[in-house]
Amino acid sequence: MKLPHYGDDRGSLVAIEANETIPFEVKRIYYIFDTEKEVQRGFHAHKNLKQFVICVKGTCDFILDDGSERTTFKLDSAKEGLFIDGVYWREMHNFSDDCVLLVLASEHYSKEDYITNYEDFLLQTRNI
Ligand code: TYD
């Protein structure tokens with residue numbers, strides 16, 4: 001999704017409003033940065049979570065797998081975000097040294113919401 005971008009000769013500003021720019025109430029914000037070289041993150045799905053992912057600095061690859069197809073999104077712009085709604089297996093690869101990945105989430109952190117085993121994830125997608 002393209003984000004409302006207010007740029008002028010002083011610089012850039014992006015504003016995100018819950019339930020307006022993005023279609024959910026934001027209950028949690030976290031960001032990933034200072035990633036080590038060649039690191040890969042994620043490798044889980046969520047049972048019930050909406051997320052909006054913005055690479056506010058640098059670049060990385062964000063993979064979404066729906067159980068039959070893997071799609072790689074190259075995140076390289078602070079003016080765009082990836083909206084995730086549904087049970088997708090997530091992986092993050094190819095972080096640039098300066099990457100800062102900001103995630104807005106619809107729920108508080110809950111370990112119970114995670115599916116960390118790929119076979120369990122496949123079973124879940126087939127039960128839906
Ligand atoms: P982890 O799920 O391994 O990160 P990634 O999805 O990028 O691979 O999370 C790393 C640690 O941070 C883990 O101990 C759980 C903790 N954590 C929280 O406490 N709250 C959060 O909102 C998140 C996303 C993680």
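# Reading the ligand shell and its strands

Analyst: S1 and S2 each supply at least two residues of the shell around the ligand.

User: What makes a stretch of chain a strand here?

Analyst: Strands are DSSP runs of E with at least two residues, while helices are runs of H or I with at least four, and both are numbered from the N terminus. Before we go on, this is a predicted model, where local features need pLDDT of at least 70 and side-chain atom pairs count only at pLDDT 80 or more, while totals for chains, interfaces and linings use all residues. Residues are numbered from 1 along each chain as its sequence is written, and side-chain values use heavy atoms, with hydrogens and water left out.

User: Which residues surround the ligand?

Analyst: Arg28, Tyr30, Ile32, Arg41, Gly42, His44, Met92, Tyr109 and Tyr114 are the residues around the ligand. To be near a molecule or strand, a residue must have a heavy atom within 4 Å of it.

User: How do you know that arginine 28 makes a polar contact with the ligand?

Analyst: A polar contact is a pair of N or O atoms within 3.5 Å (within protein, one must be able to donate a hydrogen and the other to accept it, and residues adjacent in sequence count only if both atoms are side-chain atoms). An N or O atom in the side chain of arginine 28 is 2.5 Å from an oxygen atom of the ligand, so the pair is within the limit. For arginine 41, a polar side-chain atom lies 2.8 Å from a ligand oxygen. Glycine 42 uses a polar backbone atom, 2.9 Å from an oxygen of the ligand. Taken alone, the ligand exposes 530 Å², and the protein buries 57% of that. Such areas come from the Shrake-Rupley method with a 1.4 Å probe; for residues, only the protein chains shown count as cover.

User: Why is histidine 44 called buried?

Analyst: Buried means under 20% relative accessible area, exposed means over 50%, and partly exposed is in between (1.4 Å probe, protein chains only). Histidine 44 has 13%, so it is buried. This residue lies in strand S2, residues 41-46.

User: What does the side chain of histidine 44 join in a polar contact of 3.3 Å?

Analyst: The partner is the side chain of histidine 46. A polar side-chain atom of histidine 44 also lies 3.2 Å from the backbone oxygen of glycine 42. Leaving aside neighbours within four places in sequence, the contacts of histidine 44 (heavy atoms within 4.5 Å) are Tyr88, Trp89, Arg90, Tyr114, Ile115 and Thr116.

User: Why is phenylalanine 43 called partly exposed?

Analyst: Its relative accessible area is 31%, which falls between the two cut-offs, so partly exposed is the right label. Phenylalanine 43 lies in strand S2 and has a positive phi of about 60° although it is not a glycine.

User: Is glutamate 38 buried or exposed, and why?

Analyst: Glutamate 38 is exposed because its relative accessible area is 73%. This residue sits in the loop between S1 and S2, and its phi is near 65°, a positive value in a residue other than glycine.

User: What makes phenylalanine 33 partly exposed?

Analyst: Its relative accessibility is 43%, so it counts as partly exposed. Phenylalanine 33 lies in the loop between strand S1 (28-32) and S2.
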